[in-house]
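Good morning, colleagues, and thank you for your time. Please keep the sequence and the structure in view while I speak.

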Amino acid sequence: MDLDLKNFSAQNGNFIIRMGTSLDNGYSYPTPIYYCDFFLYPVAFLYYMTFLPLIVVGVYLIYNSKKPRINEWIYLALGMSGIILSHVLTCEIVVVNLIILCIVLLKRTLKKERIMAFIKAAIMCLVLTIWYLLPFIDYFVSQETIVQAGDLRLLDNSSQEIIDIFQLFAPGNEGWKCITLGVALILSLGITLYRLYKYSSKEGNEKAIFCIKIFSAFGIVNTLFICKFFPWGSIQQILGIDGLGYQVGSIQFSWRFDFRLS
């Protein structure tokens, strides 16, 4: 049975209903509410990966300015907005990385001007995405969906052996397994090490060396998140399988961190 939800919504004064009306044999599913398609066509080739560099630029400018202005923190606001409007789950993973960064750079973070820059970026991000977040939160809290009622996903089931992560070629995504880092990222690792060596041999490159070390450290951390020896199972058990541990499982696959690694 095909439910004409759009006409039903209009008759009841609700405009516009974001519902995949052709899914589940016509019973529909709120796919556009959970997976925003705002950028699906303009940047379909890269999708949420398009906005990760904006976040990097924004964070870099905030930490390298004594009094960050709008033309510096706006990159963080736009980057986070883009990710929320393309793949909200990636936002969760990025926020985890940003929290770790703020802790690592705690002395530099606890400056009034930088804290205000982060707050302003968060407010602008909220303003730009509120039209999507309100229905998303409403459905997530008030409705039981396939994702919420599905089986518990243990992240260590999708972890990889470290030797598999660094394969040059792989058959692709096979169920729980991820694609490898591939030739491009392995080459970029070599280039990073080379640039670090070159910068270290000259004076006056302290800022560049510091940035390379920070980015490299986060690359290593995100690699560890993918590896078999990372205790995802223990973490989810400690957090509570019926509570926060279940929510951590909403990431679904530990290899999602390889995109943040890149």
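V221 lies in helix α11, and the model in which we see it is a predicted one. Is V221 buried or partly exposed? With a relative accessible area of 27%, V221 is partly exposed, because the buried class requires a value under 20%. In space, the C-alpha of V221 is 9.2 Å from that of N97, although the two residues are 124 apart in sequence.

Let me turn to the helix itself. Helix α11 covers residues 206-226, 21 residues in total. From first C-alpha to last it reaches 31 Å, close to the 30 Å expected at 1.5 Å a residue. Its buried residues are I209, C211, I212, I214, F218, G219, N222, T223, F225 and I226. As a general point, an α-helix has 3.6 residues a turn, so residues three or four places apart point the same way.

L224 is also found in α11. At 34% relative accessibility, L224 counts as partly exposed. Which surface feature does L224 help to make? The answer is a nonpolar surface patch of about 800 Å², formed by I162, I163, F166, L189, L193, I220, L224 and F229. Helices α9 (162-165), α10 (182-200) and α11 each supply at least two residues of that patch.

The partner of V221 mentioned earlier, N97, brings us to helix α5, where N97 is one of the buried residues. The others are L89, T90, C91, I93, V94, L98 and L101. Helix α5 runs over residues 88-104 and has 17 residues. Its end-to-end C-alpha distance is 25 Å, close to the expected 24 Å.

Next, helix α4. The 15 residues of α4 should span 21 Å at 1.5 Å a residue, and its end C-alpha atoms are 20 Å apart, which agrees. The buried residues here are E72, W73, L76, A77, G79, M80, S81, G82, I83 and I84. What covers them? The cover includes α3, α5 and α7 (112-142).

E72 leads us to the loop between α3 (52-63) and α4 (70-84), where S65 lies. S65 has 12% relative accessibility and therefore counts as buried. Its side chain makes a polar contact with the side chain of E72, at 3.2 Å. Leaving aside residues up to four places away in sequence, S65 touches E72 and R114.

A further pair deserves mention. I241 has its place in helix α12 (residues 232-248), and at 23% relative accessibility it counts as partly exposed. The C-alpha atoms of I241 and L154 are 9.5 Å apart, with their positions 87 residues apart in sequence numbering.

I close with the protein as a whole. How many helices and strands does the protein have? There are 13 helices and zero strands. Of the 262 residues, 37% are buried. Among contacts between residues at least 6 apart in sequence, 64% join residues at least 24 apart. The protein exposes about 16100 Å², of which carbon and sulfur atoms supply 66%.

Key. Residues are numbered from 1 along each chain as its sequence is written. This is a predicted model: local features need pLDDT of at least 70, side-chain atom pairs count only at pLDDT 80 or more; totals for chains, interfaces and linings use all residues. Side-chain values use heavy atoms; hydrogens and water are left out. Helices (H or I, at least four residues) and strands (E, at least two) are DSSP runs, numbered from the N terminus. Buried means under 20% relative accessible area, exposed over 50%, partly exposed in between (1.4 Å probe, protein chains only). A polar contact is a pair of N or O atoms within 3.5 Å; within protein, one must be able to donate a hydrogen and the other to accept it, and residues adjacent in sequence count only if both atoms are side-chain atoms. Contact means heavy atoms within 4.5 Å. The expected span of a helix is 1.5 Å times one less than its number of residues. Patches are made of residues with over 30% relative accessible area and no salt bridge: like charges are joined within 9 Å, nonpolar side chains (Val, Leu, Ile, Met, Phe, Trp, Tyr) within 5 Å. Accessible areas come from the Shrake-Rupley method with a 1.4 Å probe; for residues, only the protein chains shown count as cover. A salt bridge is a side-chain nitrogen of Lys or Arg within 4 Å of a carboxyl oxygen of Asp or Glu.
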